[in-house]
Amino acid sequence: MSKELISMAETIRSYSGFQGKKAIILGSGLGSLPDQFENKTIIPYEKVPGYPKPSVEGHSGEFVVGTLNGEEILAAKGRFHYYEGFDFPEITLPIRLLHELGIAFVIITNSAGSLRKNYHPGTLMAMNGHLDCTFIEGPELPTINKKPRYYNSEILALAKKCSLKTGVQIKEGVYCWTLGPAYETPDEVKFIQNLGGDAVGMSTVPEIQMAGELGISSLGISCLTNFAAGITKNPLSHDEVIETADKVKNQFSKLVTEILIEADTN
Ligand code: HPA
């Protein structure tokens with residue numbers, strides 16, 4: 001695999017000349033951030049040999065390299081989920097590729113359902129922990145090391161600081177990872193609430209774990225696009241997820257831009 005990774009990284013460098021240390025993975029409906037990049041290069045996933053193509057609506061499947069405030073950033077629009085038939089190595093491939101490219105800090109974003117009445121749709125939530133409700137046997141990853149590079153207080157403090165600076169509110173909470181693709185039943189939602197979950201979604205946890213494993217600092221940000229099933233009477237739909245994400249995209253971009261600029265990768 002590492003030969004393949006090296007060639008994927010070389011492809012990205014040869015298209016874009018990328019030398020940066022910061023990246024962002026953009027989840028469902030959250031792909032508009034790179035619109036603000038300067039000196040942009042778009043690299044569709046199919047131009048990168050061996051790189052898979054996501055099948056979910058709202059995931060366009062391209063890398064965008066560009067600058068924010070003069071700093072080089074790599075954005076991956078579109079990720080891979082178990083429910084699309086991808087396995088752990090494929091789901092974590094984006095992170096392994098970022099590592100090959102020398103990335104030191106990554107923001108990993110997703111859309112998620114809110115489990116809290118006071119976290120209304122449109123709320124941005126920094127992940128400060130996770131629950132694994134996939135109930136699958138994953139690969140062995142070491143438990144949190146001495147100074148975890150995710151959910152750690154310095155990174156969460158950076159998110160808060162950037163929230164104050166930009167005036168874009170951010171909450172914190174525990175993200176519960178489920179396999180999907182179906183949304184949860186109201187009873188499953190109660191179960192996850194009882195476990196201490198604040199949000200529920202179908203991605204991100206393996207990416208955060210792999211980033212930690214490879215020594216990349218990460219910040220997970222959920223855009224809470226809907227109340228999870230049973231919290232209100234409204235039925236859920238992927239359209240609602242995309243619609244809410246679209247409504248908050250400017251606020252979301254403002255906040256993550258500031259975090260990307262402020263993050264210290266030295
Ligand atoms: N459940 C699971 N995943 C999601 C949801 C949800 O309610 N909303 C967006 N992604």
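How many residues of the shell around the ligand are nonpolar, polar and charged? In this predicted model, the shell divides into 6 nonpolar, 5 polar and 1 charged.

**View 1. The shell around the ligand.** Twelve names make up the view: Ser111, Ala112, Gly113, Tyr183, Glu184, Val200, Gly201, Met202, Thr225, Asn226, Leu236 and Val241 surround the ligand. Strands β5 (105–114), β8 (199–201) and β9 (217–227) each provide at least two shell residues. The most come from β5, which gives 3 residues.

**View 2. Polar contacts of the ligand nitrogen atoms.** Asn226 places a side-chain N or O atom 2.7 Å from a nitrogen atom of the ligand. For Glu184, a polar side-chain atom lies 2.8 Å from a ligand nitrogen. Gly113 uses its backbone: a polar atom there is 3.3 Å from a nitrogen atom of the ligand. On its own the ligand has 260 Å² of accessible area, and the protein covers 96% of that.

**View 3. An aromatic cluster.** The model has 8 aromatic pairs. Tyr51 and Phe80 form an edge-to-face pair, because their ring centres are 5.6 Å apart and their planes meet at 65°. Tyr51 sits in the loop between β2 (38–44) and β3 (62–68), and Phe80 in the loop between β4 (71–77) and α2 (88–91), so the pair ties together parts 29 residues apart in sequence. Tyr51 is buried, at 7% relative accessibility. Phe80 is buried too, at 1%. Ring pairs join Tyr45, Tyr51, Phe63, Phe80 and Phe86 into a cluster.

**View 4. A charge over a ring.** Arg116 holds its charged end over the ring of Tyr119. The distance to the ring centre is 4.3 Å.

Note on methods. Residues are numbered from 1 along each chain as its sequence is written. This is a predicted model: local features need pLDDT of at least 70, side-chain atom pairs count only at pLDDT 80 or more; totals for chains, interfaces and linings use all residues. Side-chain values use heavy atoms; hydrogens and water are left out. A residue is near a molecule or strand if one of its heavy atoms lies within 4 Å of it. A polar contact is a pair of N or O atoms within 3.5 Å; within protein, one must be able to donate a hydrogen and the other to accept it, and residues adjacent in sequence count only if both atoms are side-chain atoms. Accessible areas come from the Shrake-Rupley method with a 1.4 Å probe; for residues, only the protein chains shown count as cover. Helices (H or I, at least four residues) and strands (E, at least two) are DSSP runs, numbered from the N terminus. Ala, Val, Leu, Ile, Met, Phe, Trp, Tyr, Cys and Pro count as nonpolar, Asp, Glu, Lys and Arg as charged, and the others, Gly among them, as polar. Rings of Phe, Tyr and Trp (its six-membered ring) pair if their centres lie within 6.5 Å; planes under 30 degrees apart count as stacked, over 60 as edge-to-face and the rest as tilted. Buried means under 20% relative accessible area, exposed over 50%, partly exposed in between (1.4 Å probe, protein chains only). A charge sits over a ring if NZ of Lys or CZ of Arg is within 6 Å of the ring centre and within 35 degrees of the ring normal.
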